[in-house]
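Here's a quick tour of one helix, its packing partner and a few residues elsewhere in the chain. Have a look at the model first, then read on.

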Amino acid sequence: MHFLRKDPALKLLCAVLLLVLAGALLLSDRYWVAANRPVVDDLAEVKVPPELGEMISAIDAYGVHIQRVPSKAEQYVAIKRASYGLEAPVPSYANMSAPRFGYSVREATFLGMPFWYNVEYGHVLFFRSDWGVVAAPLNEVGHAALDKANGRDLRASSGVPWWSHVWGWLFVAGVGLALWLWHRRTVRWRAENGYI
């Protein structure tokens, strides 16, 4: 590891990459293995018009239920609590959010980082609780009623945060940069010591 001492840029980059990897592995709710999972992006707070009825019960009855996956750190805390005989907190609908406007995608992940996404249901109405997310796709009548109640076209004015589903490529680019810096350092060391 003495080559790291002589190249502060490589040393800093390796430290940042290790921190990002540790954070993704331990603090993310994404899987470590290659997988894809459903995700609902929160786009906007909405006023639900009365003609759509009581939305929480309708979304709960007809929507897609996506159970919340705890992060590895939360799983570790739950295991420790169980080892001391403490019960795990029961998921509750008491901490439920109001209906919100969102976008449903399937996210491809590896090592706790997202790399790609595909549209699953598109624009949805959803709510969050301790249990997870429940999302209901909308038809054109539902979109028209929401747009009228909110005074704007929600689909046109709410951009999908695509960057939150592809930032894993920045880690790959960082690894590529670290390899290039290491190679540059090795070539320079060989030139200085007459091996080339």
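Let's start inside helix 7, where Gly168, Phe171, Gly174, Ala178, Leu181, Arg185 and Thr186 are the buried residues (buried is under 20% relative accessible area, exposed over 50%, partly exposed in between, with a 1.4 Å probe and protein chains only). Helices here are DSSP runs of H or I with at least four residues, strands are runs of E with at least two, and both are numbered from the N terminus.

Some housekeeping: this is a predicted model, where local features need pLDDT of at least 70 and side-chain atom pairs count only at pLDDT 80 or more, while totals for chains, interfaces and linings use all residues. Residues are numbered from 1 along each chain as its sequence is written, and side-chain values use heavy atoms, with hydrogens and water left out.

Does the length of helix 7 add up, and what should its 25 residues span at 1.5 Å a residue? The expected span (1.5 Å times one less than the number of residues) is 36 Å, and the end C-alpha atoms of helix 7 are 36 Å apart, which agrees. Just past the end of helix 7, Gly194 has a positive phi of about 75°.

Now for the partner. The axes of helix 2 (residues 8-27) and helix 7 (residues 168-192) come within 10 Å and cross at roughly 155°; axes are lines fitted to C-alpha atoms, for helices over the stretch in contact, and angles run from 0 to 180 degrees between N-to-C directions. The two helices are therefore roughly antiparallel (that label applies over 145 degrees). On the helix 2 side, Ala9, Leu10, Leu13, Leu17, Val20 and Leu21 do the touching, and they meet Phe171, Gly174, Val175, Leu177, Ala178, Leu181 and Trp182 of helix 7 (contact means heavy atoms within 4.5 Å). By class, that contact has 12 nonpolar residues, one polar and no charged ones.

Elsewhere in the chain, three residues are worth a glance:

| Residue | Place | Relative accessibility |
|---|---|---|
| Val69 | loop between strand 2 (64-67) and helix 4 (72-83) | 22%, partly exposed |
| Leu111 | loop between strand 3 (100-110) and strand 4 (113-128) | 29%, partly exposed |
| Asn150 | helix 5 (residues 140-150) | 16%, buried |

Leaving aside neighbours within four places in sequence, Val69 is in contact with Asp29 and Tyr31. Leu111 has a positive phi, near 55°, in a residue other than glycine. With the same neighbours left out, Asn150 is in contact with Glu45, Val46 and Lys47. The C-alpha atoms of Asn150 and Glu45 are separated by 9.5 Å, with their positions 105 residues apart along the chain.

Key:
Angles under 35 degrees count as roughly parallel, over 145 as roughly antiparallel, 65 to 115 as roughly perpendicular and the rest as oblique. Ala, Val, Leu, Ile, Met, Phe, Trp, Tyr, Cys and Pro count as nonpolar, Asp, Glu, Lys and Arg as charged, and the others, Gly among them, as polar.
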